[in-house]
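Thanks for coming. I will talk about aromatic rings today, and about where they sit. Please look at the structure first.

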Amino acid sequence: MMALRAAPRRAWWLGRALLAPGTARAAPLTARLPVPPPPGCLLALPAVRFASGGPEGEGARRRVVVVRITNPLAWLRTRFYYLLIRLYFDPEFSIEEFTRGAKQAFSVVSQLLSQRKLDLLEGLVSAEVLQMLKEKISSLSENHRDALAADMDAIMYTTEGDVRIYYDDDGRKFVSILMRFWYLNGANLPEEVPGETKVFQIVFGDESTKEKRHLLIANYEFQREFTEGAKPDWTITRIEHPNLLE
């Protein structure tokens, strides 16, 4: 499971979705009782209608749909790597189960970043990434910090990116999986943020009450050592929030 021994109790369940071979399998995250969210985190969004930004009346009641065209060769390559992981590292590996756990981890870590509670990230992210975050978070504006937070219900789309299986100079075996997340956030950002997909408006109830949401992107890489005797922990070794955390 993910390295959570130094993390607070409210995040203990994150790694249960990313299990090691030979360990007892936890029930699916969706089937377990939810753990109360950390103080200050975003609340779950109610059922809403989405309207794209623009003049009043244009695009009303249009739902947010993230469309991504996947390269067939890249898709086949990642599936081949998943097969290798099951054959040589973890026979019970499931990308669906991994993705559920990665989304949970992304949501909690992004909210801790937004709240500048970096001490609670020890054991969740690598030492190198933690040092980088300490240097960058301190210089961010409040609005940009707010934009880092992703509530689970605000994650619109998740997909895996690059998958790597490699050995270091000492013969240790590693697997790393890059996950990409598209999420809605209501931080007070400029109308046009370079690299942002689009600015949307969420319509609550009627047309007279609207709140803007930005559709943002984040990249998180998860790494685990599969050397015999190594701890069965997944660690976040890369965190990117393009145009926010730079």
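Both F106 and Y183 are buried. Keep in mind that this is a predicted model.

Now, how are the rings of F106 and Y183 arranged? Their centres are 5.6 Å apart and their planes stand at 65°, so the pair is edge-to-face; the angle has to be over 60 degrees for that. The pair also joins distant parts of the chain. F106 belongs to helix α2, while Y183 belongs to strand β3, which covers residues 173–185. Along the chain they are 77 residues apart.

Next, the structure as a whole. It holds 13 aromatic pairs. Another of them is F98 with F222: here the ring centres are 5.8 Å apart and the planes are at 85°, so this pair is edge-to-face. F98 lies in helix α2, residues 95–114, and F222 lies in strand β5, residues 210–225. This pair, too, links distant parts of the chain, with the two positions 124 residues apart in numbering. The C-alpha atoms of F98 and F222 are separated by 10.0 Å.

Is F98 buried or exposed? Its relative accessible area is 2%, and the cut-off for buried is under 20%, so F98 counts as buried. F222 is buried as well.

Last item: which residues form one aromatic cluster with F98 and F222? The other members are Y82, F89, F93, F226 and W234.

To go back over the two pairs: F106 with Y183 is edge-to-face, and F98 with F222 is edge-to-face. That is what I have.

Methods:
Residues are numbered from 1 along each chain as its sequence is written. This is a predicted model: local features need pLDDT of at least 70, side-chain atom pairs count only at pLDDT 80 or more; totals for chains, interfaces and linings use all residues. Side-chain values use heavy atoms; hydrogens and water are left out. Rings of Phe, Tyr and Trp (its six-membered ring) pair if their centres lie within 6.5 Å; planes under 30 degrees apart count as stacked, over 60 as edge-to-face and the rest as tilted. Helices (H or I, at least four residues) and strands (E, at least two) are DSSP runs, numbered from the N terminus. Buried means under 20% relative accessible area, exposed over 50%, partly exposed in between (1.4 Å probe, protein chains only).
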